[in-house]
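Biologist: Please take me through one part of this model in detail, the sheet and whatever packs on it. I would like a connected account rather than a list.

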Amino acid sequence: MMKLVPLVLLTLFVTLSVQSIAVVDVPPPPSGFTWQEIPELKAAFLKPNGWFFKREEQKGTLAYFITRENIDKNGQFQTGLSVNVFHLKKDPAVERGKYMIDQLATTKHGEKWTRDVGPFREFGCLTKDTDSSGTIVMQTLMVANPKTNTLYMFIFESPESEWDAAWKIGKQIMDTLAIDDEI
């Protein structure tokens, strides 16, 4: 069974057994979304209808992408969510997550926040990054699981010119995450 832990900006479903997330009920997705299941994490993330999903693994780090643009076709994306999962061996996940958000907020002059959610510790930051191609707005969320020493990094990004419309979708994705606290 799963236990629902409601939050203001994020909802995590914490599994209390070793069942696969596919076997455990998640709430019906909001209109215009489906659940993208990640069996190896026992997790699920909202994916807008018509958007794309991609999984990558490099040097022991798992990465997942839910994007408006097809990464396989375009080689990149403009609007979407990227998720990186770090199974840390040395550094404590909570300290690493806090450090990463502190560094991001300092370098990019971002607004940051911290919150405890059930067994997880969250660190977040809203930033902008400008280069020759324009300005990108990024909402970064680090979710640390001190029990398993796993750190999840969620980044929703979009060009600044499209941010308001994109964030209406991104906020729904970031507000409703299903993560197993045993992973």
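Modeller: The structure holds 15 salt bridges, and several of them belong to the part you ask about. The model is a predicted one. For the setting, the protein has three helices and twelve strands. Of its 183 residues, 48% are buried. Its exposed surface comes to about 9500 Å², and carbon and sulfur atoms supply 53% of that. Among contacts between residues at least 6 apart in sequence, 45% join residues at least 24 apart.

Now the sheet. Seven strands form an open sheet, with antiparallel pairing, in the order β5-β6-β7-β11-β10-β9-β8. The edges are taken by β5 (52-58) and β8 (111-117); each has a single partner strand, so one side of each is left without a neighbour in the sheet. From one strand to the next, the twist averages 15°.

The partner of β8 is β9 (residues 120-131), and the two pair in the antiparallel sense over seven bridges. One residue pair in this region is glutamate 111 with leucine 126, the latter being the bridge partner in β9.

Two helices lie against these strands. Helix α2 (residues 93-108) lies across β8, β9, β10 (134-145) and β11 (150-159), and runs at about 25° to β9. Helix α3 (residues 163-175) also packs on the sheet, where it touches β7 (80-87), β9, β10 and β11. The direction of α3 makes about 160° with that of β11. Helix α3 is not straight throughout: at isoleucine 169 it bends by about 30°. Its buried residues are Trp163, Ala166, Gly170, Ile173, Met174 and Asp175. As a general point, an α-helix has 3.6 residues a turn, so residues three or four places apart point the same way.

The salt bridges come next. Side chains of opposite charge can pair when their charged atoms come close. Aspartate 102 pairs in this way with lysine 112, with 2.7 Å between the closest N and O atoms. This salt bridge links distant parts of the chain, since aspartate 102 sits in helix α2 and lysine 112 in strand β8, ten residues apart. Lysine 112 has a relative accessibility of 48% and therefore counts as partly exposed.

A second salt bridge involves strand β9. Glutamate 160 pairs with lysine 128, the closest N and O atoms being 2.6 Å apart. Because glutamate 160 lies in the loop between β11 and α3 while lysine 128 is in strand β9, the pair ties together parts that are 32 residues apart in sequence. Both partners count as partly exposed, glutamate 160 at 35% relative accessibility and lysine 128 at 48%. Elsewhere, Glu40, Arg55 and Glu57 are joined into one network by salt bridges that share partners.

A further salt bridge joins aspartate 91 to arginine 96, with the closest N and O atoms 2.6 Å apart. Aspartate 91 is partly exposed at 35% relative accessibility, and arginine 96 is partly exposed as well, with a relative accessible area of 27%.

To put the part together: α2 lies across β8, β9, β10 and β11, while α3 touches β7, β9, β10 and β11. The salt bridge between aspartate 102 and lysine 112 links α2 with β8, and the one between glutamate 160 and lysine 128 connects the loop between β11 and α3 with β9.

Conventions:
Residues are numbered from 1 along each chain as its sequence is written. This is a predicted model: local features need pLDDT of at least 70, side-chain atom pairs count only at pLDDT 80 or more; totals for chains, interfaces and linings use all residues. Side-chain values use heavy atoms; hydrogens and water are left out. Two strands pair if DSSP finds at least two bridges between them. Helices (H or I, at least four residues) and strands (E, at least two) are DSSP runs, numbered from the N terminus. Axes are lines fitted to C-alpha atoms, for helices over the stretch in contact, and angles run from 0 to 180 degrees between N-to-C directions. Contact means heavy atoms within 4.5 Å. The bend at a residue is the angle between axes fitted to the seven residues ending there and the seven starting there. Buried means under 20% relative accessible area, exposed over 50%, partly exposed in between (1.4 Å probe, protein chains only). Accessible areas come from the Shrake-Rupley method with a 1.4 Å probe; for residues, only the protein chains shown count as cover. A salt bridge is a side-chain nitrogen of Lys or Arg within 4 Å of a carboxyl oxygen of Asp or Glu.
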